[in-house]
Every structure is written in structure tokens, then in C-alpha cells.
Amino acid sequence: MKAVAVSKFKDIPVVMDLPKPAVRPGTVLVKVAAAGMNPFDWKMIDGIMDDGKMKHQFPLIMGVDGAGTIEEVGEGVTRFKVGDKIYGQFIHSPIGEGSYAEYAIVPEKSGITKAPTSISAVEAAAVPTSGMTAQQMLDKLDLQEGNTLLIVGATGGVGSFAVQLAAAQGIHVIATVSDDAGAARMKQLGAAETINYKTASLTAQVREKYPNGVDGLLDLISNGEGFEANLDLLKPGSGALTTTFVAKEEALKSRNIHGGNFETQGSAASLDTLTLIIDRGGLTIPVENKIRLEDVPAAIAQSRQAKAKGKTVIAFGD
């Protein structure tokens, strides 16, 4: 089979010909139809999880998010049968049996579940990490209908889901954008207003419109300095979450803000909730780029430069 993998940490990912994996007890063999790309994927090959807590194997096949069809089930598997359409997070121990491959081995107890019936495999592969992150961040903020929410980095994968999920709850979403096209897309997804951070200081623009502060912040892109500046836009007692792990507890406490660094807890139950929303027509899946396996190294380079918008999905087959 073909897969995108590295031979050691910090290697440049390449398309390799590797053996098709053999099913093991408690696992399923998935014929992968599509794999969603996330910044975490290249952070993993940079060694973010090389802490001795989780086994790795090389060649290390990249990829967390995927969608496909169960081709074979291992001994003891009860949740799935051959032919089931599934999606979710394929990550498990040993790290290196990822979704950027024509076939993948996934434990049935990992974060995979039956795929939504109303969308394609390409769309399904775009959902797991970004969708669960957006959903869980909003749950943690616990905003009420009519509250104001500033989403910094709204045009990316997580942001695109967060805008929709928040708007559906009656939250007034303020989405940051860099151009008119981004503004139009955010409005279409449900943002009440957009702020172009390229035209003037983001903090100055928000402060002018909301001198008393906003009720919540999801910051998906800022560095430490930027995140702290954005904290000053919040009302005391509000919540702020960042996925870039730059929050400092003293900065939050001094402003009477709760929240901080956020890490997604992937689970089949969380995905099942998203499946219900999707199949009820409550989510537009933000697939911006559909690429082939051979395009992945270039797409990773673009993601490293934070130039990707929406979701990029690798499509296998026709």
C-alpha cells in the first residue's frame, strides 16, 4: 500500500510503499477513503509525543483523522462488522499506524464510530479532531444565548466548526478574518460580525465596538503575547481558551478570567454527538482543499506556515 511516512523524527515526510497491515485481536482493518489533515500531524513527526509515554514505530505513518470502510475485524471485535462505514481518530499505540495510508489498523476501543450517513467520506474525514475540539471548547466556556464570543483564528478548521456550533446556540459570534472572502465565508457559517485584523489592530477594533468587553474568547492561533493582549478584551469573570498552549495561570488570575490551555479529549461518544448534528443538517463541513497522497508533503509545508484555510483532506481512489 502507499502511505505518507517518515523514517525518523524531524524527517521530511514522503510517500512510501509499505506492507498492508495485518489485523490484530481487538482491532479493525480500515480501507481508508479519506484522511483529514491537522497541524498536530506534523507536530507529531517533529517529536511532540516523543516523551517515552507512548510507543512509536518507524516508518511512522502520519495522520490522526480518517474515514473509510471496515475491511476486516480482529478477534474479539464487537462494535463493528465488515462493510461498516466509520470515521474518527485513528491515533493509538504504537504511534505510526496513522490515517495517511490506503489501509490502517485501528483498535475498536479508540475514537472511531459509525460515519454520518448524510455526508461523503471526504467530508467525514474533516470532522473528528476539529469538530470535537470546537464542540468541547464551547462546552467548557458554557456561554449563554445572547453572549458575545470572539473567535481568533476563525477561518481555520476548528474555527469554522466553532462559528457554526456557537451560532446555533444563539451566541453572537465575532470572527477574525484576513480578507473579504474570509468574511463572506464566516458570515455564511453564522458569524454575526467579522473583524479584519489586517486593516487595523484587532484589540483596538474589538475594544472600540465592545468597550465593556466580550463574554468569551476562543483563541486558536495566537502566541503568548497575543493571547494575553486578547484577554484584556474580556469582561471580568469571563472564559478564555487557547489551543496553542501559551496561557499562563497568573495572567488569567490577574484578570479574573477562567480557562487557559485546552486539549481535546477524543471519544466515540463525542463523535456520535457530532454525527447527530451533521445528519440533522446542522453543520457545513469546511473542506477547502481535496488533495491526493502525493500532494501531502507540500500541504504539510503550507500548514507549517499557518497559511491553510478551512480543512485539507486527502482523498484516496476516485
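This passage describes the nonpolar cores, the enclosed and open spaces, and several buried polar residues of a predicted model.

The nonpolar interior is considered first. In soluble globular proteins, nonpolar side chains tend to be buried together. In the present model, the largest nonpolar core comprises 44 residues. Within this core, the residues with the most contacts are Tyr87, Leu149, Ile151, Val163, Met186, Leu218 and Ile285. Two or more residues are supplied by each of the helices α2 (121-125), α3 (128-141), α4 (157-168), α5 (180-189) and α9 (268-279), and by each of the strands β10 (148-152), β11 (172-177) and β17 (311-315). Helix α4 provides the largest share of the core, with 6 residues. Another core, of 32 residues, lies apart from the largest one, and its members include Trp42, Met49, Val296 and Ile300.

The surroundings of valine 163 illustrate the packing around one of the residues with the most contacts inside the largest core. With residues up to four places away in sequence not counted, valine 163 touches Ile151, Ala154, Val173, Ala175, Met186, Leu189, Gly190 and Ala191. Of these partners, Ile151 and Met186 are themselves listed among the residues with the most contacts inside the core.

The search for internal space covered the whole structure and found 1 cavity of 30 Å³ or more. The volume of the largest cavity is about 60 Å³. Its lining is formed by Met44, Ile61, Met62, Gly63, Phe90, Ile91, His92, Pro94, Ile95, Gly96, Glu97 and Gly98. Strand β7 (residues 95-97) contributes 3 residues, the largest share of this lining. By class, the lining consists of 7 nonpolar, 4 polar and 1 charged residues.

Among the open spaces, the second largest pocket holds about 150 Å³. This pocket is lined by 13 residues, of which Met1, Pro19, Gln57, Ile61 and Gly96 are the closest to its centre. Strands β4 (56-61), β7 and β8 (103-107) each give two or more residues to the lining. The lining of the second largest pocket divides into 9 nonpolar, 3 polar and 1 charged residues. Ile61 and Gly96, which are among the residues closest to the centre of this pocket, also appear in the lining of the largest cavity.

Several polar or charged residues are likewise buried. Aspartate 219 is found in strand β13 (residues 214-219). With a relative accessible area of 0%, aspartate 219 falls under the 20% limit and is therefore classed as buried. The side chain of aspartate 219 takes part in a polar contact of 2.8 Å with the side chain of serine 222, and in another of 2.9 Å with the side chain of asparagine 230. Beyond its neighbours within four places in sequence, aspartate 219 is in contact with Val152, Phe227, Asn230, Leu241, Thr242 and Thr243. The C-alpha atom of aspartate 219 is separated by 30 Å from that of isoleucine 86, a residue 133 positions away along the chain.

Asn230 also belongs to the surroundings of threonine 203. Threonine 203 is placed in helix α6 (residues 202-209). Its relative accessibility is 19%, so threonine 203 counts as buried. The contacts of threonine 203, not counting residues up to four places away in sequence, are Ala229, Asn230 and Leu233. Its side chain also makes a polar contact of 3.0 Å with the side chain of serine 201. Between threonine 203 and aspartate 232, which are 29 residues apart in sequence, the C-alpha to C-alpha distance is 8.3 Å.

Asparagine 196 occupies strand β12 (residues 193-196) and counts as buried because its relative accessibility is 17%. A polar atom of the side chain of asparagine 196 lies 2.8 Å from the backbone nitrogen of lysine 198. Not counting residues up to four places away in sequence, asparagine 196 touches Val177, Ser178, Asp179 and Gln205.

Threonine 148 lies in strand β10, one of the elements that give two or more residues to the largest nonpolar core. Threonine 148 has 11% relative accessibility and therefore counts as buried. Outside the stretch of four places on either side in sequence, threonine 148 touches Leu143, His172, Ile174, Tyr210, Val214, Asp215 and Gly216.

Notes:
Residues are numbered from 1 along each chain as its sequence is written. This is a predicted model: local features need pLDDT of at least 70, side-chain atom pairs count only at pLDDT 80 or more; totals for chains, interfaces and linings use all residues. Side-chain values use heavy atoms; hydrogens and water are left out. Helices (H or I, at least four residues) and strands (E, at least two) are DSSP runs, numbered from the N terminus. Buried means under 20% relative accessible area, exposed over 50%, partly exposed in between (1.4 Å probe, protein chains only). Contact means heavy atoms within 4.5 Å. A polar contact is a pair of N or O atoms within 3.5 Å; within protein, one must be able to donate a hydrogen and the other to accept it, and residues adjacent in sequence count only if both atoms are side-chain atoms. On a 1 Å grid over the protein atoms alone, a cavity is a set of points where a 1.4 Å probe fits but cannot get out, and a pocket is an open set with protein on both sides within 12 Å along at least five of seven lines; lining residues have an atom within 4 Å of a point. Grid points are joined across faces, edges and corners, and a volume is the space filled by probe spheres set on the points. Ala, Val, Leu, Ile, Met, Phe, Trp, Tyr, Cys and Pro count as nonpolar, Asp, Glu, Lys and Arg as charged, and the others, Gly among them, as polar. A nonpolar core is a set of buried Ala, Val, Leu, Ile, Met, Phe, Trp, Tyr and Cys residues joined through side-chain atoms within 4.5 Å.
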